[in-house]
Amino acid sequence: MQDLSKYRNIGIFAHVDAGKTTTTERILKLTGKIHKLGEVHDGAATTDFMEQEQERGITIQSAATTCFWKDHRFNIIDTPGHVDFTIEVYRSLKVLDGGVGVFCGSGGVEPQSETNWRYANDSRVARLIYVNKLDRLGADFYRVVDQVKKVLGAKPLVMVLPIGTEGDFSGIVDLLTRKAYVWDDSGLPENFEVKDVPADMIDQVEKYRKDLIETAVELDDDVMEAYLEGNEPDLETIKRCVRKGTIQLKFFPTFCGSSFKNKGVQQVLDGVVDYLPNPTEVDPQPEVDLEGNETGTFAIVDASKPVRALAFKIMDDRFGALTFVRVYSGTINKGDNLLNTATGKSERIGRMVEMHANDRTMIETAQAGDIIAIVGLKNVRTGHTLCDPAKPATLEPMIFPDPVISMAVMPKDKANAEKLGVALGKMVAEDPSFRVEVDQESGETILKGMGELHLDIKVDIMRRTHGVEVDVGKPQVAYRETITQAVNDSYTHKKQTGGSGQYAKIDYLIEPLEAGSGFVFESKVVGGNVPKEYIPSVEKGFMQMKDKGPLCGFPLLDFKMTLLDGGFHAVDSSQMAFEAASRAAFRQTMPKAGPQLLEPIMKVDVFVPDANVGDVMGDLNRRRGMVKAQEPGMTNVRVRADVPLAEMFGYIGDLRSATSGRGQFSMEFSHYAPVPRNVLEEVKEEVRKREEANK
């Protein structure tokens, strides 16, 4: 039986290019897991093992690995920073107990840091903050600490202070021990000396140390009382209080360093051991019934309890499908049969492996607290629960956002057409934010995703990994439709052919709802004018029609249909007749209800040099953007704007031209908003041309 108090399940997350993967690489080297450092810019980092990751120097999928530090076992997940792959961060945070939020010393709190922080708050994950890249031009530890307070609304608890800045950054001062750790210029993590605090930093160290202790002692009344009487608590007591506050999300211990230069990473590892929770110290996972309602019972982290495990990631590789699983309670042994509550089918556990990026070690057993991969599960998808068949339960599932962008692909020939279906099946299983549909009229395969880069990489994976060559269409915006007026209407469906006829009459009210309400159906029929058995058919007819709105054929959102009254015929009425009446009623009434086309609006963050702010803002205005805020930074200006997705295609090229390659931007979906009339006409024309081309 493993000692769970020595387990730490942690994720490393941050904005793109803040140094997550480099930090993970340093941790693996320090813990003896790897013997040679691989650098991201050389395409040699351990956890970036996909070809696409190595070429682009970004992380695309989360990678899991296990290592040991001071007799504690770390299960680490390195997550992507790019907004198009946020789903990887979300599902990783869902199964972790703690995290390390990495912030760039010069970039500070960037847009994706905010999104990841919000996800971590939603999942109630305890975190450390690590301010990286303090050796870079414009790096400022104190400014980043300030941003964490203002932008994230979080409380950083400073544990170390940097010695020197930018090119002179040489080490850190540990506030608790009042010791300075100074590294030499060899770049080796073990080449440091422990010295006294530099004379010019003594006052600053004492100020921050006092703040640290005063914040920590608030978590224990007895310790606080003693402190107020003039007795400073010992080191172990302070650490215990900091740990308690960290687990309760009262504050976030904050460290700093330069991962690339191997300075300060050991203190972060010590912080993980000292302050982040083990699996038994976090709130247990709530169990839900098949409808998704909480049952009031919890998956207690205990190896002797019934098995509860959550599948949080599917990965296809040369050995077959790998299902990444977090075991919440119980023990899983090779050869066990577990129940998948989502499908109701039993799954046999064949091979279990412990992952180190894309390498693996076979294991015979796994217990509560472990993160493992199981090879060859047939019907398990992301978010499914595996449990003890004798004592079934479902863990809270994951909710994934809807895609906002789509793209048509056509296989180049018959051989590729056969391979395409298999490849897409595997890719959809791996990534729940990636969807595939076939357009019934044109026969085209439509890929849907979270952004241009997301779909670009999917096409690349199809080509290289699965050997499928496709022709790619222009990216399309996922428009939606809604209505703006309430309409009272009636429809009678009569059809007389040889034999029995069809008859159904419905009186109904169509009305708009608030954004985000979806489709709501209600029956207010009293008496037997529409027999009970036919009412579901009326709802079904509308359900079938709502995916093709009256304006341009896009899905219709946020409306209610209330069935008020109707009529039937004892012989000629049937479920089919009422369904047909409902479909025809949709076609008749929706054009009268003030239909409106909605487009996805993106929250755009642009980082731009001072000299180019005017050009960039003018360009955003031309793209129908609404500038929300302008925030000057040390080295650039951050412009926040809401811009329609339709206007953002190819934006990166224009931004680079306007800023001589120095501008950066990121965007994520914000909300749907009505399109202006001139744009509506353009979209209608585009839809018409597409339909003609497909005839």
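Which elements of the protein chain have the lowest and the highest mean pLDDT? Helix 2 (residues 51-56) sits at the bottom with 44, and strand 11 (residues 252-256) tops the list at 91. Here pLDDT is the predictor's confidence in each residue, from 0 to 100, and helices (H or I, at least four residues) and strands (E, at least two) are DSSP runs, numbered from the N terminus.

So much for the extremes. This is a predicted model, where local features need pLDDT of at least 70 and side-chain atom pairs count only at pLDDT 80 or more, while totals for chains, interfaces and linings use all residues. Residues are numbered from 1 along each chain as its sequence is written, and side-chain values use heavy atoms, with hydrogens and water left out.

Across the protein chain the mean pLDDT is 79, with 86% of residues at 70 or more. Residues 35-61 are a weak spot, with pLDDT below 50, yet this stretch has 84 contacts in the model beyond near neighbours in sequence. A contact means heavy atoms within 4.5 Å.

Stepping back, the chain has 16 helices and 37 strands. Of its 695 residues, 55% count as buried, meaning under 20% relative accessible area with a 1.4 Å probe, protein chains only. Among contacts with a separation of 6 or more, 71% link residues 24 or more positions apart.

Now for the inside. A nonpolar core is a set of buried Ala, Val, Leu, Ile, Met, Phe, Trp, Tyr and Cys residues joined through side-chain atoms within 4.5 Å. The largest has 73 residues, and M159 and V242 touch the most other members. Leaving aside residues up to four places away in sequence, V242 touches L157, M159, L212, A216, F251, P253 and Y275. A second, separate core of 45 residues includes I405, M407, L420 and M427.

Further along the chain, look for an open sheet of four strands in the order 30-31-33-32, with mixed pairing; strands pair if DSSP finds at least two bridges between them. Strand 30 (487-495) and strand 32 (519-523) are the edges, each pairing on one side only. Strand 31 (residues 502-512) and strand 33 (residues 559-567) run antiparallel, joined by eight bridges, and D507 stands opposite D565 in strand 33.

Two helices join in. Helix 12 (residues 535-545) lies across strands 31, 32 and 33, at about 160° to strand 32. Helix 13 (residues 575-589) packs on the sheet too, touching strands 30, 31 and 33, and its direction makes about 40° with that of strand 31. These angles run from 0 to 180 degrees between N-to-C directions, using axes fitted to C-alpha atoms, for helices over the stretch in contact.

Terms used
Buried < 20%, exposed > 50% of the residue type's maximum accessible area, 1.4 Å probe, protein only.
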